[in-house]
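Okay, thanks for coming, everyone. Let me get the model up on the screen and we'll walk through it together.

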Amino acid sequence: LDSAGMRSLVVDLRGNPGGLLSAAVDVSDLFLERGLVVATRGRSPDEDFNYSASRPGTWRMPLVVVIDGESASSSEIFAGAMRDHARATLVGTRSYGKGSIQGIFPLETGGVGMRLTTAKFFSPKGLPYSRVGVDPDVQVHSSARPVAGVFVAQAGDPFLEAAVDVARRTTSARPSARPVGRSTASR
């Protein structure tokens, strides 16, 4: 995309219920030069960790992240890190607010286990995700209109349209999107 002239990037995390913590940290590291990505704080000090960006070479193009009420867990880690480091503009609606790490503890009988929350995620600025979520910078309201007694969503995708509008406004004021410290051949 860079060689084709990409000037900004829209990352759409709507409907993404999450994934691996390590993946959220790795993806965040592509866009952050340095600094805390996420902190976990648990019931015991063994669960307390700080995950930071440290990979040389950072993509500096303007970034827009689209979130909604179904963006959770690692999606929120990425969005929150981009927000707290002022690296991206968040567009959409408040994210789900999962923000917790569960451990599965096997029980000796019946081959079953018990899932318990052992730690919670916090943003680089120390803000909780659990039951709070991530608020967008640009709130998008989706509406529906009644057609023959049934509500039909408006034409187009208002979330994506808002994100593209933000990206266009951001790129008009910025130079090259090339990464610093990383050759495009290694990408």
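Let's start with one pair: Val11 stands opposite Val65 in E4. Before I go on, keep in mind that this is a predicted model. Val11 brings us to strand E1, residues 9-12, and E1 and E4 pair in the parallel sense over four bridges.

Now, what about E5? E4 and E5 run parallel too, with five bridges joining them. If you want one to click on, Val64 has Thr89 in E5 as its bridge partner. To get from E4 to E5 the chain goes through H2, and that β-α-β crossover is right-handed.

So, E4 itself. Which way do its side chains go? Leu63, Val65 and Ile67 point one way, while Val64 and Val66 point the other way, and all are buried. Since five of the five residues of E4 are buried, the strand is largely enclosed by the rest of the structure.

In general, nonpolar side chains in soluble globular proteins tend to be buried together. Here, the largest nonpolar core has 27 residues, and the ones touching the most other members are Val65 and Met82. Which elements give two or more residues to this core? They are helix H1 (21-31), strand E2 (35-42), strand E4 (63-67), helix H2 (74-84) and strand E5 (88-92).

Zoom in on Met82 for a second. Leaving out residues up to four places away in sequence, Met82 touches Ser28, Phe31, Leu32, Leu63, Val65, Arg87 and Ala88. So our two core residues from a moment ago, Val65 and Met82, touch each other. There's also a second, separate core of nine residues, and among them are Val66, Val140, Ala163 and Val166. Remember that Val66 and Val65 point opposite ways from E4.

Last topic, two backbone oddities. Ser73, in the loop between E4 and H2, has a positive phi, near 55 degrees, and this is a residue other than glycine. Is Ser73 buried or exposed? Its relative accessibility is 9%, so Ser73 counts as buried, the cut-off being under 20%.

The other one is Arg131, where phi is near 65 degrees, again a positive value in a residue other than glycine. Where is Arg131? Look in the loop between strand E7 (113-122) and strand E8 (138-139). Arg131 has a relative accessible area of 78%, so this one is exposed.

To wrap up: E4 pairs with E1, E4 also runs parallel to E5, and the residues of E4 are buried, five of five. Okay, over to you for questions.

Technical notes: Residues numbered from 1 in each chain as written. Predicted model: local features only at pLDDT ≥ 70, side-chain atom pairs only at ≥ 80, totals over all residues. Heavy atoms only, no water. Core = buried A, V, L, I, M, F, W, Y, C linked by side-chain atoms within 4.5 Å. Buried < 20%, exposed > 50% of the residue type's maximum accessible area, 1.4 Å probe, protein only. Contact = heavy atoms within 4.5 Å. Pairing = 2+ DSSP bridges. Right-handed = clockwise from strand over helix to strand, strands pointing away.
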